[in-house]
Amino acid sequence: MKFLNLQKIILFTLFWMSIPLSFSQTISLSKEAEISVLTCGTSTEVYALFGHTAIRVKDKANGIDVVYNYGAFDFGTPNFALKFAKGNLQYFAVANSYTDFITNYSYEKRSVYEQVLRLSATQKQRLFDLLNKSLLLENREYTYKFIDQNCTSMTVDVINKALTKNIIVKKGDTTTTYRSILFPYFNNHFYEQLGTSILFGTKTDQAGTAIFLPFELKESLDQIQLGQSPIAKENRTLLEFEPKTNSSWWNNPYTYLIVLAFVLLINKRTTDTIYLASIGVLGIAFIILGLYSTHLELGNNYNILLFNPFLLVLLAFAKAKNVNGIRYTLWLNLFALVIYSLLLINKAHLWIVTPLIITSCVVLVRGFWKKEI
């Protein structure tokens, strides 16, 4: 997915939108026209961790070499963070020249791979017309959804629409969960990996049957047949760079483990209280976010069994010296941790939250078990 600032979006809209629209009205693609899918490599920027998908239309006879993509958004959107969390942030369909597109990725040192599609003249023209139609002001915006509607899934949809049937489907492994598919993309981005692990709910534990990531589409195109021939008739490497590795003195598992080790080793009531209160407050935030957001990935979040709001109730009973209240809420929180651990046995994020499970168990037991049970 590619970020474009507001100025670029305005320029693309005013300049490039008018050109492709005139193509769809007055120019038919020549027999030599090529339409290809571009798969762009990842980057250390959070918005580029998954790569990017675009469609290139090249027709030398008509002087056309344009790249269309559905991955533009604007950080200047009013209430950007709230809209993103809510799930009603609008993304943009934009087009720009191939030269500008490839220059930008060369500057960012991101690889670009091209797969030329084996399409009939009618299918090419239909896809070209649909791409231009998507640039109309009333069509160019769509509501971004992390799995169901992004630059890759929108590309799949427009190609299938041009083919008049769902030819572009996921090939290969369709049993691995969305969570497991996503997890490695956050390697070397530890806190992003931890954050998404505890924010995502049951939807991401479903089998990943839909194409939603650029390299999934690339791999599927290599296997899909159109008639008796592969739909990708040619693969080209337009740019190739070694992937950048993110390095940070703080964004790594060591700082995470150091903080948790500090909580365990200092063994102070104040530190334990701050830890439990922080975990409980996060749990309330997860519940509110799950109810507020239309992102299905954030709903039914069983991670609140670890980030349990009842920890705050336990602390309140402790402050009031209510022995029965402490006993019941302590058992409730320990039981929730057991259930949570069982739920995580086959989940990708088991290892990353295990230190939190251990820390919570130790803090609960040493703080309340002997004193109150």
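I will talk about how helix H10 packs against two other helices, and then about one loop residue, Leu 296.

This is a predicted model, in which local features need pLDDT of at least 70 and side-chain atom pairs count only at pLDDT 80 or more, while totals for chains, interfaces and linings use all residues. Residues are numbered from 1 along each chain as its sequence is written, and side-chain values use heavy atoms, with hydrogens and water left out.

Let me begin with H8, residues 190-199, and H10, residues 253-266, whose axes come within 8 Å and cross at roughly 65 degrees; helices here are DSSP runs (H or I, at least four residues), numbered from the N terminus, and axes are lines fitted to C-alpha atoms over the stretch in contact, with angles from 0 to 180 degrees between N-to-C directions. That crossing makes H8 roughly perpendicular to H10, a term covering 65 to 115 degrees. On the H8 side, Phe 190, Tyr 191 and Leu 194 meet Pro 253, Thr 255 and Tyr 256 of H10, where contact means heavy atoms within 4.5 Å.

Turning to the other partner, H10 and H11, residues 269-292, have axes that come within 8 Å and cross at roughly 140 degrees. The contact is made by Leu 260, Phe 262, Val 263 and Ile 266 of H10, together with Thr 271, Asp 272 and Tyr 275 of H11.

Finally, Leu 296 sits in the loop between H11 and H12, residues 310-319, and this leucine is exposed, with a relative accessible area of 56%, exposed meaning over 50% with a 1.4 Å probe and protein chains only. Not counting residues up to four places away in sequence, Leu 296 touches Asp 148 and Lys 203.

Key. Parallel < 35°, antiparallel > 145°, perpendicular 65-115°, else oblique. Buried < 20%, exposed > 50% of the residue type's maximum accessible area, 1.4 Å probe, protein only.
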